[in-house]
There are 2 protein chains.
Amino acid sequence: MAHPQEDTLIAKQITPTAMRLLVLEVLQQQSAALSLADVEQLLGHADRITVHRTLKTFTDKGLVHRIEDGSGAVKFALCEPGCTPEHHQDLHVHFFCTQCRETSCLPAVAIPAIPLPSAFQVQETSLVLKGVCARCTSIA
Amino acid sequence: MAHPQEDTLIAKQITPTAMRLLVLEVLQQQSAALSLADVEQLLGHADRITVHRTLKTFTDKGLVHRIEDGSGAVKFALCEPGCTPEHHQDLHVHFFCTQCRETSCLPAVAIPAIPLPSAFQVQETSLVLKGVCARCTSIA
DNA sequence: GGGGCGATGCAATGGTATTGCATTGTTTCA
DNA sequence: TGAAACAATGCAATACCATTGCATCGCCCC
């Protein structure tokens, strides 16, 4: 096939379509997490709603994970290979740069275990650091 | 004065007004963090915008801190006494219950230090756990 | 070829955050 | 005291993001 991304989609039980291949490609090319508006803009003139539903499908199937970085818009980034829809393994830290407003994944930095009273059942952990990223720091 | 909250406001350089005293009182009475809509509803028929600006003022002055729990609406909770506008010390964990949709502060649980490349300048840390809280667990 | 199902796209809606501006209330100073 | 100066309030309007309804399109299977 002309699109190597097809296998990726099929492996996640996602029917490959032209739109989905494009969205996946865009996500793979970017180092930072993308918002819905970002993807829409990078794709040129794609329909916002379709992109929205595409990302929702990707999220449900465990291909991407949502990042709430406090910028107002939810951002999306590709999951690690081991992620499943039921159990996201994206337990890494996200960094939101207040200067360039980019959110990046820091897979190398794991979230430490949080000691909680046993009555709490934790399903998801989100750790977002805000500050100035390495690139913006070096520029300034 | 009739309102013991007045001193609290004055200590934070906030001019005490009737509205602000009411908002502060509501925040003190609740154990969970409150969204703008929550405060509005608890106050009866207060103007949404005024509450919004009141909470913004409180945030700017270091009296409350914002919590982005992913519920779509920002929530607010009182700061620890040592907080200043420049340097919020609310480095505790927040827990968002997916069942009752309440967000609570867990001051007893500190955020562990995150090892980061030195090029990153961290200004703020946000750690939100999602799951089922102790109360909802015991009910179910 | 036709039925069925999923994907797409346009339109419309809902919810939250935010700004403009006029009014009200409070403080200050002559 | 009284009026200017400033802050706070409240209504209206706006912007933005997310989401749903519904009709259409396209593909796959029979």
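How many nonpolar, polar and charged residues does the surface near DNA strand C have? I began with this, keeping in mind that the model is predicted. I counted by class and got eight nonpolar, six polar and three charged residues for the surface near DNA strand C.

**Entry 1: DNA strand C**

I listed the residues around DNA strand C and found 17. Those that come nearest are T17(A), M19(A) and T50(A) from chain A, with L36(B) and V74(B) from chain B. I then looked up the elements that give two or more residues to this surface. In chain A they are α2 (18-29) and α4 (48-60). In chain B they are α3 (36-42) and α4 (48-60). I noted that α4(A) supplies the largest share of the surface near DNA strand C, with four residues.

**Entry 2: strand pairing**

I followed β6(A), residues 121-132, through its pairings. Within chain A, four bridges join β6(A) to β4 (residues 92-97), and the two strands run parallel. On that side I found H94(A) opposite V128(A). Across the chains, eleven bridges join β6(A) to β6 of chain B, also residues 121-132, and here the strands run antiparallel. I looked up two partners in this pairing. S126(A) has V128(B) as its bridge partner, and V128(A) stands opposite S126(B). V128(A) is thus listed twice in my notes, opposite H94(A) in the one pairing and opposite S126(B) in the other.

**Entry 3: contact between chains A and B**

How many residues of chain A are in contact with chain B? I got 29 residues of chain A, in contact with 29 residues of chain B. On the side of chain A that touches chain B, the elements that give two or more residues are β4, β6 and α5 (134-139). Of these, β6(A) gives the most, with twelve residues. I sorted this side of chain A by class as well, and it has 17 nonpolar, nine polar and three charged residues.

**Entry 4: symmetry**

I superposed the two copies. A turn of 180° with a shift of 0.0 Å along the axis lays chain A on chain B, with an RMSD of 0.1 Å. I recorded a two-fold axis, because that is the relation this operation describes. The same surface serves both copies, as 100% of the contact residues of chain A recur in chain B. Which residue of chain A comes closest to the rotation axis? I found L127(A), with its C-alpha at 2.2 Å from the axis.

Notes
Residues are numbered from 1 along each chain as its sequence is written. Chains are lettered from A and ligands numbered from 1 in the order in which they are written. This is a predicted model: local features need pLDDT of at least 70, side-chain atom pairs count only at pLDDT 80 or more; totals for chains, interfaces and linings use all residues. A residue is near a molecule or strand if its C-beta atom, placed from the backbone, lies within 6 Å of it. Ala, Val, Leu, Ile, Met, Phe, Trp, Tyr, Cys and Pro count as nonpolar, Asp, Glu, Lys and Arg as charged, and the others, Gly among them, as polar. Two strands pair if DSSP finds at least two bridges between them. Two residues are in contact if their C-beta atoms, placed from the backbone, lie within 7 Å. Copies are superposed by least squares on the C-alpha atoms of residues with pLDDT of at least 70 in both.
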